[in-house]
Amino acid sequence: MTAAATTPSEPDVLLSVEGLQVHFPITRGVLLDRVVGHVHAVDGVDLAVRRGETYGLVGESGCGKSTLGRGILRLVEPTGGRVVFDGTDLSTLKGEGLRTARRRMQMVFQDPLSSLDPRQSVESLLTEGMKAHGLHPGPGQRHARLRSLLSSVGLPTTALSKYPHEFSGGQRQRIGIARALTVEPDLLVADEPVSALDVSVQAQVLNLLEDLQAELGLTYLVIAHDLAVVRHISDRIGVMYLGGLVEEAPAGELYREPLHPYTRALLSAVPVPDPVVEDSRQQILLAGDLPSPADPPTGCRFHTRCPWKQPTRCDTERPQLRVLDGVDSGHPVPAGHTVACHHAERILSGELQPHAVVAEATDPAELQLREVPDGPGSVNEVV
Ligand SMILES: Nc1ncnc2c1ncn2[C@@H]1O[C@H](COP(=O)(O)OP(=O)(O)O)[C@@H](O)[C@H]1O
Ligand code: SF4
Ligand SMILES: [Mg+2]
């Protein structure tokens with residue numbers, strides 16, 4: 001690490017993402033490819049992950065979560081912005097410096113079967129990373145290290161000679177986690193780590209991640225499209241919509257008082273165990289599909305689906321994440337809760353009420369809309 005590459009940052013921040021953009025070119029042409037546009041998969045994301053915490057990133061499929069995770073690890077080259085890891089701007093690193101930084105940041109993938117080479121035994125899978133990073137212990141210590149790794153993820157030593165297809169989905173994910181741990185990382189980016197697993201197994205793998213964090217002092221960025229997955233594991237949560245963060249808050253606070261209309265809609269779809277509360281709840285059903293990141297809406301990217309959209313600013317000015325201004329005394333909002341909505345104060349106070357939204361469908365035949373009357377919580381339903 002060179003002095004020039006070191007950036008002062010808050011001492012407890014391990015990972016800081018500043019204005020990160022990842023745009024993919026769209027090309028057309030018969031003989032020569034021409035760039036005819038860009039997919040704005042990640043389009044100006046700021047976030048900070050503190051040492052030892054779990055930051056949960058949620059949003060519907062296609063909003064750019066995986067691309068953000070990959071951009072942070074430089075598995076895909078960012079178009080703009082910076083990623084600062086432990087005080088070092090990653091874009092200033094090359095060669096050995098980049099390799100070391102990469103070792104300290106490991107990824108756990110959604111589908112362990114496709115991320116684990118089926119021709120390699122578990123022993124070979126687990127020693128590969130150690131060898132690559134010069135952490136390969138001598139033969140005597142190697143088995144002790146592998147046994148301890150397997151026991152920390154709850155697998156028997158007999159697993160070493162087996163192959164990925166011989167395990168269940170949950171066990172394979174345990175191997176994926178063990179493999180990430182072989183190189184002694186500080187940060188794990190877990191991209192939909194339990195989405196491919198049965199619900200009963202999901203909880204076991206999430207518990208394992210929590211135990212490992214306590215034992216090894218790891219920092220996590222956990223990505224999921226399912227709010228229930230990040231809810232219990234996260235200290236703080238960021239909600240992503242079409243390439244940008246729209247809300248960030250401590251986990252409990254986000255569920256207690258969601259401020260952004262999109263977060264409200266996401267949470268209103270999560271069932272509540274109490275039948276009385278469940279029956280009295282108002283569901284906010286979003287009209288239409290996620291717009292294309294190749295042609296994102298102007299202004300607030302959520303304006304085409306927002307039940308609180310206003311005639312001013314919403315479709316002309318992109319809102320930035322901010323703390324609420326002069327919040328009504330009945331609704332105290334703690335520090336660290338930020339929202340990207342021009343009208344969040346008036347939505348929170350109840351001054352603005354939701355209204356019907358007409359979905360903008362490219363092909364009207366694809367989308368049938370059922371009108372429901374205006375009123376709190378009642379918006380158009382897509383049927
Ligand atoms: N390599 C790529 N080339 C072009 N477009 C891509 C590429 N990877 C992802 N995208 C597009 O970027 C958008 C975000 O994708 P992704 O990050 O996978 O979302 P998520 O993980 O939230 O489901 C999607 O529209 C996807 O089609
Ligand atoms: S800025 Fe406007 S369109 Fe965007 S979330 Fe707020 S009210 Fe809705
Ligand atoms: Mg994804």
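Which residue in β2 is the bridge partner of His23? The views below start with that pairing, and every one of them shows a predicted model.

**View 1. Strands β1 and β2 form an antiparallel hairpin.** His40 of β2 is the bridge partner of His23. That pair belongs to a longer match: β1 (residues 13-28) and β2 are joined by 13 bridges and run antiparallel. Between the two strands of this hairpin sit 5 residues, and Gly29 has a positive phi near 145 degrees. As general background, strands of a sheet pair through backbone hydrogen bonds, in either a parallel or an antiparallel way.

**View 2. Ligand 1 has β2 and α1 in its shell.** Follow β2 onward and you meet the surroundings of ligand 1: Phe24, Val39, Ala41, Gly59, Ser61, Gly62, Cys63, Gly64, Lys65, Ser66, Thr67 and Pro293. Two elements, β2 (34-50) and α1 (65-72), give two or more residues each to this shell. The largest share, 3 residues, comes from α1. Sorted by class, the shell holds 5 nonpolar, 6 polar and 1 charged residues.

**View 3. Ligand 2 is surrounded by 14 residues.** Of these, the ones that come nearest are Cys300, His303, Cys306, Cys314 and Cys341. The shell around ligand 2 counts 8 nonpolar, 5 polar and 1 charged residues.

**View 4. An open sheet is built from 7 strands.** Reading across the sheet, the order is β6-β7-β8-β3-β9-β10-β11, with mixed pairing. At the edges are β6 and β11 (338-339), each of which pairs on one side only. Look within the sheet for β9 (residues 236-241) and β10 (residues 244-250), which pair in the antiparallel sense over 6 bridges. One example to pick out is Ile237, whose bridge partner in β10 is Ala249.

**View 5. Helix α6 lies across β6 and β7 of the sheet.** The helix runs at about 170 degrees to β6. How far apart are the end C-alpha atoms of α6? They are 19 Å apart, in agreement with the 18 Å that the 13 residues of α6 (residues 169-181) should span at 1.5 Å a residue. Because 11 of those 13 residues are buried, α6 is largely enclosed by the rest of the structure. Among the buried residues are Gln171, Arg172, Ile175, Ala178 and Leu181. The buried residues of the helix pack against β6 (105-108), α3 (112-115), α4 (122-132), α5 (139-152), β7 (187-191) and α7 (199-216).

**View 6. Lys162 sits in the loop between α5 and α6.** Is Lys162 buried or partly exposed? Lys162 counts as partly exposed, because it has 16 C-beta neighbours inside 10 Å. Once neighbours within four places in sequence are set aside, its contacts are Ser121, Val122 and Phe167. Val122 is 40 residues away from Lys162 in sequence, yet the two are 6.0 Å apart in space, C-alpha to C-alpha.

**View 7. Stepping back, the whole chain has 12 helices and 13 strands.** Of its 383 residues, 37% count as buried. Among contacts between residues at least 6 apart in sequence, 64% join residues at least 24 apart.

Note on methods
Residues are numbered from 1 along each chain as its sequence is written. Chains are lettered from A and ligands numbered from 1 in the order in which they are written. This is a predicted model: local features need pLDDT of at least 70, side-chain atom pairs count only at pLDDT 80 or more; totals for chains, interfaces and linings use all residues. A residue is near a molecule or strand if its C-beta atom, placed from the backbone, lies within 6 Å of it. Helices (H or I, at least four residues) and strands (E, at least two) are DSSP runs, numbered from the N terminus. Ala, Val, Leu, Ile, Met, Phe, Trp, Tyr, Cys and Pro count as nonpolar, Asp, Glu, Lys and Arg as charged, and the others, Gly among them, as polar. The expected span of a helix is 1.5 Å times one less than its number of residues. A residue is buried if 20 or more other C-beta atoms lie within 10 Å of its own, exposed if 12 or fewer, and partly exposed in between; C-beta atoms are placed from the backbone. Two residues are in contact if their C-beta atoms, placed from the backbone, lie within 7 Å. Two strands pair if DSSP finds at least two bridges between them. Axes are lines fitted to C-alpha atoms, for helices over the stretch in contact, and angles run from 0 to 180 degrees between N-to-C directions.
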